[in-house]
Amino acid sequence: MIPIYLCDDDSALRRRLQTALERKILIEDYDMRIVCSVADAESLLKAAQQEEGKRGIYFLDVELKDGYWDGFRMGQEIRRLDPHATLIYVTNFGDLAYRTFQYHLEAFDYIVKDPERLEESVARCLEAVKNRLLEERRDPAQVYTLQVGDTLRYIPISDILFFETAARAHHILLHTLGSAGGSALGGPRGGKAAGGVIDFLGNLNEIQSHLGEGFLRVHRAYLVAVDKIEEVDLKRGKLRIGDYECLISRNGKSELMKRLYL
(Lines give C-alpha, C1' and ligand atoms only; values in the text may rest on other atoms or scores of the structure.)
Protein backbone atom coordinates (compact mmCIF):
# COMPACT_ATOMS: atom_id res chain seq x y z
CA MET A 1 0.00 0.00 0.00
CA ILE A 2 1.45 3.36 -1.07
CA PRO A 3 1.01 6.05 1.62
CA ILE A 4 -0.24 9.53 0.65
CA TYR A 5 0.45 12.64 2.73
CA LEU A 6 -1.25 16.04 2.48
CA CYS A 7 -0.07 19.29 4.03
CA ASP A 8 -1.95 22.56 3.40
CA ASP A 9 -2.88 25.25 5.91
CA ASP A 10 -6.08 26.03 3.98
CA SER A 11 -8.44 23.52 5.62
CA ALA A 12 -11.19 23.90 3.00
CA LEU A 13 -8.74 23.33 0.14
CA ARG A 14 -7.18 20.38 1.97
CA ARG A 15 -10.60 18.74 2.40
CA ARG A 16 -11.37 19.17 -1.31
CA LEU A 17 -7.98 17.72 -2.19
CA GLN A 18 -8.49 14.77 0.14
CA THR A 19 -11.97 14.09 -1.25
CA ALA A 20 -10.68 14.18 -4.83
CA LEU A 21 -7.87 11.76 -3.99
CA GLU A 22 -10.16 9.34 -2.14
CA ARG A 23 -12.62 9.33 -5.03
CA LYS A 24 -9.91 8.58 -7.60
CA ILE A 25 -8.38 5.84 -5.43
CA LEU A 26 -11.81 4.23 -4.95
CA ILE A 27 -12.84 4.41 -8.61
CA GLU A 28 -9.53 3.06 -9.95
CA ASP A 29 -8.92 0.69 -7.01
CA TYR A 30 -5.38 1.98 -6.59
CA ASP A 31 -3.19 0.35 -3.97
CA MET A 32 -2.89 3.67 -2.10
CA ARG A 33 -4.27 5.25 1.06
CA ILE A 34 -4.17 8.67 2.70
CA VAL A 35 -2.27 8.25 5.96
CA CYS A 36 -1.85 11.91 6.89
CA SER A 37 -3.80 15.10 6.14
CA VAL A 38 -2.56 18.06 8.22
CA ALA A 39 -2.06 21.82 8.28
CA ASP A 40 1.48 21.89 9.72
CA ALA A 41 4.86 20.55 8.64
CA GLU A 42 5.88 18.94 11.92
CA SER A 43 2.83 16.64 11.98
CA LEU A 44 3.46 15.48 8.43
CA LEU A 45 7.17 14.88 8.99
CA LYS A 46 6.45 12.93 12.17
CA ALA A 47 3.97 10.74 10.27
CA ALA A 48 6.50 10.20 7.48
CA GLN A 49 9.09 9.02 10.00
CA GLN A 50 6.71 6.43 11.41
CA GLU A 51 5.58 4.90 8.10
CA GLU A 52 7.48 1.75 7.18
CA GLY A 53 8.64 1.24 3.63
CA LYS A 54 8.31 4.94 2.76
CA ARG A 55 8.22 5.73 -1.03
CA GLY A 56 5.22 7.90 -0.25
CA ILE A 57 3.32 10.43 -2.34
CA TYR A 58 3.38 13.93 -0.82
CA PHE A 59 1.02 16.77 -1.73
CA LEU A 60 2.62 19.91 -0.28
CA ASP A 61 1.39 23.49 -0.09
CA VAL A 62 4.10 25.69 -1.61
CA GLU A 63 2.87 28.81 0.21
CA LEU A 64 2.58 27.05 3.59
CA LYS A 65 2.85 29.54 6.46
CA ASP A 66 4.32 27.52 9.31
CA GLY A 67 7.25 29.40 10.80
CA TYR A 68 10.46 28.04 9.27
CA TRP A 69 8.61 25.65 6.99
CA ASP A 70 7.30 26.19 3.49
CA GLY A 71 6.64 23.57 0.83
CA PHE A 72 10.17 23.53 -0.54
CA ARG A 73 11.90 23.24 2.84
CA MET A 74 9.50 20.40 3.62
CA GLY A 75 10.48 18.78 0.34
CA GLN A 76 14.16 18.86 1.35
CA GLU A 77 13.43 17.19 4.68
CA ILE A 78 11.14 14.61 3.06
CA ARG A 79 13.89 13.72 0.61
CA ARG A 80 16.13 12.99 3.61
CA LEU A 81 13.49 10.82 5.28
CA ASP A 82 12.11 9.23 2.12
CA PRO A 83 14.66 9.46 -0.74
CA HIS A 84 12.28 7.91 -3.29
CA ALA A 85 9.32 10.11 -2.38
CA THR A 86 7.04 11.53 -5.07
CA LEU A 87 6.66 15.28 -4.44
CA ILE A 88 3.63 17.10 -5.81
CA TYR A 89 3.27 20.80 -5.05
CA VAL A 90 -0.07 22.55 -4.58
CA THR A 91 0.21 26.24 -5.37
CA ASN A 92 -1.58 29.43 -6.32
CA PHE A 93 0.94 29.93 -9.11
CA GLY A 94 1.53 27.73 -12.15
CA ASP A 95 5.19 28.42 -12.93
CA LEU A 96 7.34 27.47 -9.94
CA ALA A 97 9.60 24.85 -11.50
CA TYR A 98 12.67 27.09 -11.15
CA ARG A 99 12.24 27.08 -7.36
CA THR A 100 12.70 23.31 -7.20
CA PHE A 101 16.15 23.75 -8.77
CA GLN A 102 17.04 26.33 -6.11
CA TYR A 103 16.30 23.70 -3.47
CA HIS A 104 17.79 20.82 -5.51
CA LEU A 105 14.45 19.02 -5.66
CA GLU A 106 12.78 16.95 -8.34
CA ALA A 107 9.04 17.67 -8.27
CA PHE A 108 6.80 15.22 -10.07
CA ASP A 109 4.02 17.73 -10.75
CA TYR A 110 2.29 20.95 -9.72
CA ILE A 111 -1.42 21.39 -9.01
CA VAL A 112 -2.82 24.91 -9.17
CA LYS A 113 -5.40 25.82 -6.52
CA ASP A 114 -8.26 26.25 -8.96
CA PRO A 115 -11.47 24.88 -7.34
CA GLU A 116 -13.09 24.30 -10.74
CA ARG A 117 -10.24 22.12 -12.00
CA LEU A 118 -8.88 20.66 -8.78
CA GLU A 119 -10.53 17.24 -9.05
CA GLU A 120 -9.51 16.85 -12.70
CA SER A 121 -5.92 17.87 -11.89
CA VAL A 122 -5.72 15.47 -8.95
CA ALA A 123 -7.08 12.55 -11.00
CA ARG A 124 -4.63 13.21 -13.84
CA CYS A 125 -1.72 13.58 -11.45
CA LEU A 126 -2.48 10.42 -9.48
CA GLU A 127 -2.82 8.39 -12.68
CA ALA A 128 0.57 9.68 -13.87
CA VAL A 129 2.14 8.73 -10.53
CA LYS A 130 0.64 5.23 -10.76
CA ASN A 131 2.04 4.77 -14.27
CA ARG A 132 5.50 5.91 -13.21
CA LEU A 133 5.54 3.56 -10.23
CA LEU A 134 4.56 0.66 -12.49
CA GLU A 135 7.44 1.51 -14.82
CA GLU A 136 9.87 1.65 -11.89
CA ARG A 137 8.89 -1.86 -10.87
CA ARG A 138 9.98 -3.29 -14.20
CA ASP A 139 13.15 -5.34 -14.34
CA PRO A 140 15.91 -2.67 -14.57
CA ALA A 141 17.61 -4.81 -17.20
CA GLN A 142 14.60 -4.33 -19.50
CA VAL A 143 14.37 -0.54 -19.43
CA TYR A 144 16.69 2.40 -20.05
CA THR A 145 16.13 5.31 -17.65
CA LEU A 146 16.91 8.85 -18.74
CA GLN A 147 16.09 12.31 -17.48
CA VAL A 148 14.49 15.03 -19.61
CA GLY A 149 14.36 18.25 -17.59
CA ASP A 150 12.98 17.24 -14.19
CA THR A 151 11.12 14.20 -15.59
CA LEU A 152 12.39 10.62 -15.58
CA ARG A 153 11.56 8.56 -18.67
CA TYR A 154 11.60 4.75 -18.75
CA ILE A 155 12.22 3.37 -22.26
CA PRO A 156 11.90 -0.38 -22.93
CA ILE A 157 15.25 -1.49 -24.32
CA SER A 158 13.43 -3.60 -26.89
CA ASP A 159 12.04 -0.35 -28.38
CA ILE A 160 15.42 1.37 -28.83
CA LEU A 161 16.80 1.65 -32.38
CA PHE A 162 19.89 3.80 -31.84
CA PHE A 163 21.42 6.81 -30.12
CA GLU A 164 23.13 9.66 -31.97
CA THR A 165 24.96 12.79 -30.91
CA ALA A 166 22.90 15.95 -31.35
CA ALA A 167 23.99 19.31 -32.71
CA ARG A 168 23.90 20.83 -29.22
CA ALA A 169 26.89 20.00 -27.05
CA HIS A 170 26.36 17.14 -24.58
CA HIS A 171 22.93 16.31 -26.04
CA ILE A 172 21.93 12.88 -27.32
CA LEU A 173 19.01 11.88 -29.54
CA LEU A 174 17.40 8.55 -28.73
CA HIS A 175 15.48 6.97 -31.64
CA THR A 176 12.86 4.38 -30.77
CA LEU A 177 10.33 2.27 -32.62
CA GLY A 178 7.69 4.62 -33.92
CA SER A 179 10.20 7.29 -35.00
CA ALA A 180 9.04 9.48 -37.83
CA GLY A 181 11.55 7.98 -40.22
CA GLY A 182 13.93 9.52 -42.73
CA SER A 183 17.70 9.71 -42.79
CA ALA A 184 19.72 10.33 -39.67
CA LEU A 185 22.56 11.53 -41.88
CA GLY A 186 23.25 15.04 -43.01
CA GLY A 187 23.78 16.29 -39.45
CA PRO A 188 22.09 15.20 -36.27
CA ARG A 189 18.78 16.85 -35.52
CA GLY A 190 18.82 19.55 -32.88
CA GLY A 191 16.12 20.37 -30.37
CA LYS A 192 13.38 18.19 -29.01
CA ALA A 193 11.86 16.05 -31.72
CA ALA A 194 8.39 14.58 -31.79
CA GLY A 195 7.31 10.98 -32.09
CA GLY A 196 9.94 8.39 -31.24
CA VAL A 197 12.89 10.76 -30.82
CA ILE A 198 13.93 11.99 -27.37
CA ASP A 199 16.51 14.75 -26.81
CA PHE A 200 18.37 14.50 -23.50
CA LEU A 201 21.69 15.28 -21.84
CA GLY A 202 24.06 12.33 -22.08
CA ASN A 203 27.30 10.75 -23.23
CA LEU A 204 27.54 7.89 -25.75
CA ASN A 205 30.44 6.25 -23.94
CA GLU A 206 28.50 6.11 -20.68
CA ILE A 207 25.36 4.88 -22.44
CA GLN A 208 27.29 2.11 -24.19
CA SER A 209 28.86 1.04 -20.92
CA HIS A 210 25.45 0.92 -19.25
CA LEU A 211 23.62 -0.97 -22.01
CA GLY A 212 26.31 -3.57 -22.72
CA GLU A 213 26.80 -5.96 -25.63
CA GLY A 214 23.39 -5.51 -27.21
CA PHE A 215 24.54 -2.10 -28.51
CA LEU A 216 27.50 -1.31 -30.76
CA ARG A 217 29.34 1.97 -31.38
CA VAL A 218 29.52 1.87 -35.17
CA HIS A 219 30.65 5.48 -35.47
CA ARG A 220 31.67 8.23 -33.05
CA ALA A 221 28.19 9.70 -33.52
CA TYR A 222 26.10 6.48 -33.46
CA LEU A 223 25.38 3.74 -30.94
CA VAL A 224 23.00 1.18 -32.46
CA ALA A 225 20.97 -1.80 -31.25
CA VAL A 226 22.59 -4.74 -33.01
CA ASP A 227 19.38 -6.75 -33.25
CA LYS A 228 17.63 -3.85 -35.02
CA ILE A 229 20.13 -3.61 -37.90
CA GLU A 230 18.35 -4.48 -41.15
CA GLU A 231 21.00 -3.89 -43.81
CA VAL A 232 24.73 -3.17 -43.91
CA ASP A 233 26.46 -1.48 -46.87
CA LEU A 234 30.19 -1.72 -46.08
CA LYS A 235 31.17 -0.17 -49.40
CA ARG A 236 29.20 3.00 -48.71
CA GLY A 237 29.98 2.89 -45.00
CA LYS A 238 26.35 2.93 -43.94
CA LEU A 239 23.79 0.70 -42.30
CA ARG A 240 20.02 0.79 -42.26
CA ILE A 241 18.08 0.55 -39.03
CA GLY A 242 14.35 1.12 -39.08
CA ASP A 243 13.78 3.89 -41.63
CA TYR A 244 17.15 5.48 -40.92
CA GLU A 245 20.67 5.28 -42.29
CA CYS A 246 23.64 5.56 -39.92
CA LEU A 247 27.32 6.02 -40.74
CA ILE A 248 29.86 3.27 -40.05
CA SER A 249 33.47 4.19 -39.28
CA ARG A 250 36.49 2.02 -40.13
CA ASN A 251 36.67 0.69 -36.58
CA GLY A 252 32.92 0.33 -36.60
CA LYS A 253 33.09 -1.90 -39.67
CA SER A 254 35.61 -4.18 -38.00
CA GLU A 255 33.54 -4.53 -34.83
CA LEU A 256 30.34 -4.97 -36.82
CA MET A 257 31.86 -7.76 -38.91
CA LYS A 258 32.94 -9.58 -35.76
CA ARG A 259 29.51 -9.18 -34.21
CA LEU A 260 27.52 -10.18 -37.29
CA TYR A 261 30.02 -12.85 -38.42
CA LEU A 262 30.35 -11.28 -41.88
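**Two sheets, one cavity and the cysteines**

Let me start with a loop: His170 sits between strand 8 (160–165) and strand 9. Its phi is near 70°, a positive value in a residue other than glycine. Is His170 buried or exposed? His170 counts as exposed, because its relative accessibility is 65%. Keep in mind that this is a predicted model.

Asp29 is another case. Its phi is near 55°, again positive in a residue other than glycine. Look for Asp29 in the loop between helix 1 (11–28) and strand 2 (32–38). With 66% relative accessibility, Asp29 counts as exposed.

Back to strand 9, and to its sheet. Five strands make up an open sheet, in the order 10-9-8-12-11. The pairing is antiparallel. Which strands stand at the edges? They are strand 10 (197–201) and strand 11 (215–219). Each has a single partner strand, so one side of each has no neighbour in the sheet. From one strand to the next, the twist averages 20°.

Now zoom in on one pair. Strand 9 (residues 171–176) and strand 10 run antiparallel, joined by five bridges. Find Leu173, and opposite it in strand 10 you will see Asp199.

Next, another sheet. Three strands form it, in the order 13-14-15. This sheet is open, with antiparallel pairing. Strand 13 (229–233) and strand 15 (244–247) are the edge strands, and each pairs on one side only. Here the twist averages 25° from one strand to the next.

Let's walk across it. Strand 13 and strand 14 (residues 238–241) run antiparallel, with four bridges joining them. Asp233 has Lys238, in strand 14, as its bridge partner. Strand 14 also pairs with strand 15, antiparallel, over four bridges. There, Leu239 has Cys246 of strand 15 as its bridge partner. Strand 14 and strand 15 form a hairpin with two residues between the strands. In that hairpin, Gly242 takes a positive phi near 60°.

A point on side chains. In a regular strand they alternate between the two faces of the sheet. Now look at strand 15. Its covered face holds Tyr244 and Cys246. Its uncovered face holds Glu245 and Leu247.

Now the cavity. How many cavities of 30 Å³ or more does a search of the whole structure find? One. The largest cavity holds about 40 Å³ of space. Which residues line it? Glu231, Val232, Asp233, Arg236, Lys238, Leu239, Arg240 and Glu245. Strand 13 and strand 14 are the elements that give two or more residues to that lining. You have met some of these names already: Asp233 and Lys238 are the bridge partners from before. By type, the lining has two nonpolar residues, no polar ones and six charged ones.

Last, the cysteines. A disulfide is a covalent bond between the sulfur atoms of two cysteines. How many disulfides turn up in a search of the whole structure? Zero. Take Cys36 as a test. Its closest cysteine sulfur is in Cys7, 7.5 Å away, and that is too far for a bond. The cut-off here is 2.5 Å between the sulfur atoms. Cys36 is also buried, because its relative accessibility is 8%, and buried means under 20%. Cys246 is buried as well, with a relative accessible area of 0%. That is the Cys246 from the covered face of strand 15.

That's my tour.

Technical notes. Residues numbered from 1 in each chain as written. Predicted model: local features only at pLDDT ≥ 70, side-chain atom pairs only at ≥ 80, totals over all residues. Heavy atoms only, no water. Buried < 20%, exposed > 50% of the residue type's maximum accessible area, 1.4 Å probe, protein only. Pairing = 2+ DSSP bridges. Axes fitted to C-alpha atoms, helices over the stretch in contact; angles between N-to-C directions. 1 Å grid on protein atoms, 1.4 Å probe; cavity = no way out; pocket = protein on both sides within 12 Å on 5 of 7 lines; lining within 4 Å. Points joined across faces, edges and corners; volume = space filled by probe spheres on them. Nonpolar A, V, L, I, M, F, W, Y, C, P; charged D, E, K, R; others polar.
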